[in-house]
Amino acid sequence: MKLNRKAYENAKALVREGKVVRDSRDDWSEHAPSAKDLSAYLDKHGEDEYAKWFLGVDDDEGGTKGRYKFPFSDLAKVHRCAVISGESRASQYGHDDIREALGDLLKRIDEG
């Protein structure tokens, strides 16, 4: 698992533009895009655009949806709850570069 730098740059740009939902940690289960929404987005926009919404990429995984991990948004805005949840999970599994990126995003969100 490695940091998806294009997604990180996308997330930082969205935060700079104010495209953020300042929700609480437990909201992610309700705010996360559904599998159907993710599939529709992938079908409409392709893998390169789809990948911009996930901070982790696992080149060992097969299939587009399986490769991308650590979502941070609803495919339009960065969700604070997704960032908090992802940071905790990245720490738990030792994905330090992803954890650091998520920590940076959280700081940017909270300062904004």
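Mentor: Both Trp53 and Phe72 are buried in this model. The model is predicted, so local features need pLDDT of at least 70 and side-chain atom pairs count only at pLDDT 80 or more, whereas totals for chains, interfaces and linings use all residues. Residues are numbered from 1 along each chain as its sequence is written, and side-chain values use heavy atoms, with hydrogens and water left out.

Trainee: What makes Trp53 and Phe72 buried?

Mentor: Each of Trp53 and Phe72 falls in the buried class, which means under 20% relative accessible area (over 50% is exposed, in between is partly exposed; 1.4 Å probe, protein chains only).

Trainee: How many aromatic pairs does the rule give?

Mentor: The count is five aromatic pairs. Rings of Phe, Tyr and Trp (its six-membered ring) pair if their centres lie within 6.5 Å; planes under 30 degrees apart count as stacked, over 60 as edge-to-face and the rest as tilted.

Trainee: Why is the pair of Tyr50 and Tyr68 called edge-to-face?

Mentor: The ring centres of Tyr50 and Tyr68 are 6.2 Å apart and the planes stand at 75°, so the pair is edge-to-face. Tyr50 belongs to helix H4 and Tyr68 to strand S4, so parts 18 residues apart in sequence are tied together. Both tyrosines, Tyr50 and Tyr68, are buried.

Trainee: Why is the pair of Trp53 and Phe72 called tilted?

Mentor: For Trp53 and Phe72 the centres are 6.0 Å apart and the planes at 35°, so the pair is tilted. Trp53 is in the loop between H4 and S3, and Phe72 is in the loop between S4 and strand S5 (78–79), so this pair ties together parts 19 residues apart in sequence. Tyr41 joins Trp53 and Phe72 in one aromatic cluster.

Trainee: How do you know that Lys12 lies over the face of Tyr8?

Mentor: Lys12 is at 4.3 Å from the ring centre of Tyr8; the rule asks for NZ of Lys or CZ of Arg within 6 Å of the ring centre and within 35 degrees of the ring normal. Arg89 likewise lies over the face of Phe70, at 4.3 Å from the ring centre.

Trainee: What makes S3 and S4 partners in the sheet?

Mentor: Three bridges join strand S3 (residues 54–57) to S4, and pairing requires at least two bridges found by DSSP. One of the residues involved is Phe54, whose bridge partner in S4 is Pro71.

Trainee: In what order do the three strands form the open sheet?

Mentor: The order is S1-S3-S4, with antiparallel pairing. Strands S1 (2–3) and S4 (68–71) each have a single partner strand and stand at the edges, so one side of each lacks a neighbour in the sheet.

Conventions: Helices (H or I, at least four residues) and strands (E, at least two) are DSSP runs, numbered from the N terminus.
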